[in-house]
Amino acid sequence: MSISLSSLILLPIWISMAQIQQGGPDEKEKTTALKDLLSRIDLDELMKKDEPPLDFPDTLEGFEYAFNEKGQLRHIKTGEPFVFNYREDLHRWNQKRYEALGEIITKYVYELLEKDCNLKKISIPVDATESEPKSFIFMSEDALTNPQKLMVLIHGSGVVRAGQWARRLIINEDLDSGTQIPFIKRAMDEGYGVIVLNPNENYIEVEKPKIHVQSSSDSSDEPAEKRERKDKISKETKKRRDFYEKYRNPQREKEMMQLYIRENGSPEEHAIYVWDHFIAQSAAENVFFVAHSYGGLAFVELMIQREADVKSKVTAVALTDSVHNVWHQEAGKTIREWMRENCCNWVSSSEPLDTSVESMLPDCPRVSAACSTEM
């Protein structure tokens with residue numbers, strides 16, 4: 001049985017509290033003092049002292065994983081599926097490891113979109129300067145020129161990015177379950193142009209600049225000797241503070257700030273931007289949407305903002321477990337009527353496929369997906 005550093009530190013306090021609680025009313029003051037001491041201990045920070053470094057590989061090979069011929073993620077040496085609890089009782093570390101792997105998989109899916117699906121990566125905003133934050137979408141070669149059909153794919157909220165439905169399914173099931181690739185390939189085989197939205201890529205993260213406080217002695221009229229003494233004390237104080245901070249939080253992560261992407265700062269903004277600059281400009285007579293979860297909400301917001309244009313180009317919308325709400329989003333009567341005729345929402349249900357599922361909202365038909373559509 002292993003004992004963590006944090007347990008060793010807290011053990012004497014817990015023992016003291018147990019001994020005090022066995023005493024009489026005279027011990028109340030000591031109990032209160034110890035409770036106050038415990039309340040001042042940041043257990044989350046303390047637990048970080050037991051963690052291995054948050055230093056993870058930046059390739060699948062580094063993690064010793066690869067996708068096999070069935071698109072399943074497997075350990076290179078053992079052939080076993082991904083194991084989340086790689087280190088017992090270190091949930092935070094395991095979660096950080098999982099997130100690091102997820103970032104690699106996101107890049108891997110981007111590569112598949114370009115190499116296997118022959119999609120082009122298009123930077124947005126279209127008129128972005130070199131220095132401003134940018135995002136991107138993916139399009140087929142004929143997305144804007146195909147005169148017949150255009151398919152638009154929108155994923156849900158969270159960590160997923162362009163080309164994904166669910167990171168969890170990619171890692172634990174396979175690429176066909178968790179990515180949009182089967183949809184894209186079938187659409188292209190059937191003569192559709194394709195546009196893949198990237199609604200969660202709303203900002204870039206950069207490290208917060210360190211604020212340098214100018215020494216007050218720089219502009220002071222104090223004697224040089226006094227200024228030097230104050231500077232020495234200031235440096236010693238900073239040294240002690242830095243040492244304490246390193247001890248208190250050895251796993252301290254960089255402080256980051258978010259720089260939002262112009263006109264793409266939310267999934268709703270992104271959908272409208274891509275509509276205005278790409279979909280609305282396309283030659284296709286018939287535009288079709290497939291939208292999952294929050295993607296459905298983004299589509300309804302697009303309808304509210306561009307109702308006439310959407311009605312003139314969009315033929316049908318397939319929703320999967322959409323979280324839109326026509327009342328909260330204040331969709332008008334004409335939009336609700338159009339959705340009843342042109343949209344269908346496949347929802348999680350044990351009923352046979354396409355069985356009608358009751359809904360309290362008068363927007364569009366809801367039918368069974370014959371399974372969980374959780375992505």
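## A tour from strand β9 to helix α13

Start by selecting strands β9 and β10 (residues 314-320): they run parallel to each other, paired over 6 bridges. Keep in mind as you look around that this is a predicted model. To find one spot along this pairing, pick Val-287, whose bridge partner in β10 is Val-314.

Now add strand β5 (residues 149-154) to your selection. β5 is also parallel to β9, with 6 bridges joining them. Here, click on Ile-154 and look across to Ala-291 of β9, which stands opposite.

Next, show the surroundings of β9 itself. Is this strand enclosed or open? Of its 7 residues (286-292), 6 are buried, so the rest of the structure largely encloses it.

Your next stop is helix α13, residues 333-342. Colour Ile-335, Arg-336, Trp-338 and Met-339, the buried residues of this helix. Then turn the view until you look down the axis of α13: the buried residues fall within an arc of 160°, so they line one face of the helix. On the other side, select Lys-333 and Glu-341, which are exposed.

What do the buried residues of α13 pack against? Select α11 (294-305), α12 (307-313), β10 and β11 (343-347) to see these partners. You have met β10 already, as a parallel partner of β9.

Finally, zoom out to the whole protein chain. It contains 13 helices and 12 strands, and 40% of its 375 residues are buried. Its accessible surface is about 22300 Å², with 51% belonging to carbon and sulfur atoms. Among contacts between residues at least 6 apart in sequence, 69% join residues at least 24 apart.

Definitions and conventions: Residues are numbered from 1 along each chain as its sequence is written. This is a predicted model: local features need pLDDT of at least 70, side-chain atom pairs count only at pLDDT 80 or more; totals for chains, interfaces and linings use all residues. Side-chain values use heavy atoms; hydrogens and water are left out. Buried means under 20% relative accessible area, exposed over 50%, partly exposed in between (1.4 Å probe, protein chains only). Helices (H or I, at least four residues) and strands (E, at least two) are DSSP runs, numbered from the N terminus. Two strands pair if DSSP finds at least two bridges between them. Contact means heavy atoms within 4.5 Å. Accessible areas come from the Shrake-Rupley method with a 1.4 Å probe; for residues, only the protein chains shown count as cover. The arc is that of the directions from the helix axis to the C-beta atoms.
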